[in-house]
Amino acid sequence: MDLPARNYCEPGPRATAFGAERLDREQIGAIERQVIATARLPLRQAVTLPRAAYVNEDYFRHEAGKVLASGWICLAHVSQLKQAGSYLALDLLDEPLLVTRAPDGPVRVLSRVCPHRGADIMHPGFGVAPRGVAKRLVCPYHVWSFGLDGKLKTCAEMQRAEAFDKKDWALVELRSAVWEGFVFVNLDGTASPLAEQYADFAKVVAPWNCAEMEVAIELDWECEFNWKVMVENWMESYHHMGIHHDTLQTTMPAKMTWTEAENPHFIRCHLPFKQAVADELMEAIAEGRPIPGFRPIEGLTLRDHVEWGLYLGHPCFMFLTMRDRVLWYRLQPISAERCRLMTATLVSKRATQAPDFAETVERETRMLAEFHAQDMKVNTAVQAGLRSSRAVQGRLSHLEEPVWMIQRYVAARLQGCHPGMDRLR
Ligand SMILES: [Fe+2]
């Protein structure tokens, strides 16, 4: 038999010799110790994590189990599942998942793995829409069908299977929680309750009333970089003066951004507008002049109008408040050098009813895409650099305090605790 000319096992361009290098337990442990030692440095001596933590696949799997699967990962916003029977399929760390709203109400996270022969019931190969509204979820293999609550409804020709009871063969439900309208999953089921972890976070973002907001813009991005490259980029505003010099820096100069004291479960940064921009905005508000953007959120403080609030809910819930919207970035880490990202804009219900809503969405989609494209470019360049044997552990600026805090979170989770707790050895 003729073999195809192409070797289908050939490593792709991302699988560099180092990234693909198989590591034994000892070698993974050595990287972990380096990560922990790096995170233990005080901010004034802080350096970036060792490059192996960004490029090696075996280390990624190790880290995914200890840092990601043990945390709460955001999958959806309730406005994406408004109708009874809504579903949304997405993959997270090799788990095919389904977020559903069954007619009886609650939002659930289910596994898409058929309890019959193990098929992903909505594998892309089946051509099923990854989002929609349905009465039943059907596995195309042998047409076993399930309710939106995961319960097995129909299965043909099973009458001779001894002691077979349909109620024993539901889609597996994963541990989930809804926080401020965002649906989270905890893959390994060990995390402390999300409401406890994000209690202080909920207090500071309460005025935006996120549970009542609507997703107005969604953009999808395929990312050729490690998940930490994304969250580090998201949280530090030092780079406004670099890659965003013509966009964000003109309103929120890097130098003026600052970070609040460490919280074990989230990071909060303030991105104040420069004085001239703040003055102009306040003047426009006082005079009732139109201001670009969506209808503002009601009940915000003066300060909420003249700064952006930047947050990271550990491990990877990227969230940002503005006077008229919130941004939410959903991250799905895939491998050491790949992740999928959705950048979403949420606005108030009142904003969606404005006569110029469609035009505003169009304009703001361009704005979001423009500055995020700058981040995509720079993150891809960072990953390319980290692949090189010449990559060193670089020094951090005080403006990169959130990067240091992310390191402290990762290091703490590798040791089974949270930053600031005594168990961080
Ligand atoms: Fe950026």
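**An iron site, two cores and paired strands**

Biologist: How are the donor residues of the iron ion spaced in sequence?
Modeller: Donors are N, O and S atoms within 2.8 Å of the metal (3.2 Å for Na, K and Ca), and water is not among the atoms, so sites may look incomplete. This is a predicted model, in which local features need pLDDT of at least 70 and side-chain atom pairs count only at pLDDT 80 or more, while totals for chains, interfaces and linings use all residues. Residues are numbered from 1 along each chain as its sequence is written, and side-chain values use heavy atoms, with hydrogens and water left out. The spacing of the donor residues is H-x4-H-x130-D.

Biologist: Which residues coordinate the iron ion, and at what distances?
Modeller: Two histidines take part through NE2, namely His239 and His244. Asp375 is listed twice through OD. The distances are 2.0 to 2.6 Å.

Biologist: Where do His239 and Asp375 sit in the chain, and how many residues apart are they?
Modeller: Helices (H or I, at least four residues) and strands (E, at least two) are DSSP runs, numbered from the N terminus. His239 lies in the loop between α7 (227-235) and β12 (258-259), and Asp375 in helix α11 (residues 357-386). The pair thus links distant parts of the chain, 136 residues apart.

Biologist: Why is the arrangement around the iron ion irregular?
Modeller: Four donors are tetrahedral if all angles lie between 85 and 135 degrees; four are square planar and six octahedral if opposite donors are over 155 degrees apart and all others between 65 and 115; anything else is irregular. Here the arrangement is irregular because the 4 donor atoms subtend angles of 55 to 154°.

Biologist: Is Asp375 buried or exposed?
Modeller: Buried means under 20% relative accessible area, exposed over 50%, and partly exposed in between (1.4 Å probe, protein chains only). His239 has 14% and is buried. At 6%, Asp375 counts as buried.

Biologist: Where does the largest nonpolar core lie?
Modeller: A nonpolar core is a set of buried Ala, Val, Leu, Ile, Met, Phe, Trp, Tyr and Cys residues joined through side-chain atoms within 4.5 Å. The largest has 81 residues, and those with the most contacts inside it include Trp234 and Met318. Its largest share, 7 residues, comes from helix α12 (residues 401-414). Domain bounds come from an automatic or database domain assignment, and both domains give residues to this core, so it lies between domain 1 (1-72 + 191-425) and domain 2 (73-176).

Biologist: Which residues are in contact with Trp234, leaving aside its neighbours within four places in sequence?
Modeller: Contact means heavy atoms within 4.5 Å. The residues in contact with Trp234 are Leu310, Tyr311, Met318, Phe319, Leu320, Leu327 and Tyr329.

Biologist: Which strands pair with β2?
Modeller: Two strands pair if DSSP finds at least two bridges between them. Strand β2 (residues 86-92) has 6 of its 7 residues buried. Three residues, 131-133, make up a strand that pairs with β2 in the antiparallel sense over 3 bridges, and this is β5. Another antiparallel partner, joined to β2 by 6 bridges, is β3.

Biologist: Which strands stand at the edges of the open sheet of 7 strands?
Modeller: The order is β11-β17-β16-β15-β14-β13-β12, with antiparallel pairing. Within it, 9 bridges join β16 to β17, and Trp328 stands opposite Ala344 in β17. Each edge strand has a single partner, so one side is left without a neighbour in the sheet; these strands are β11 and β12.
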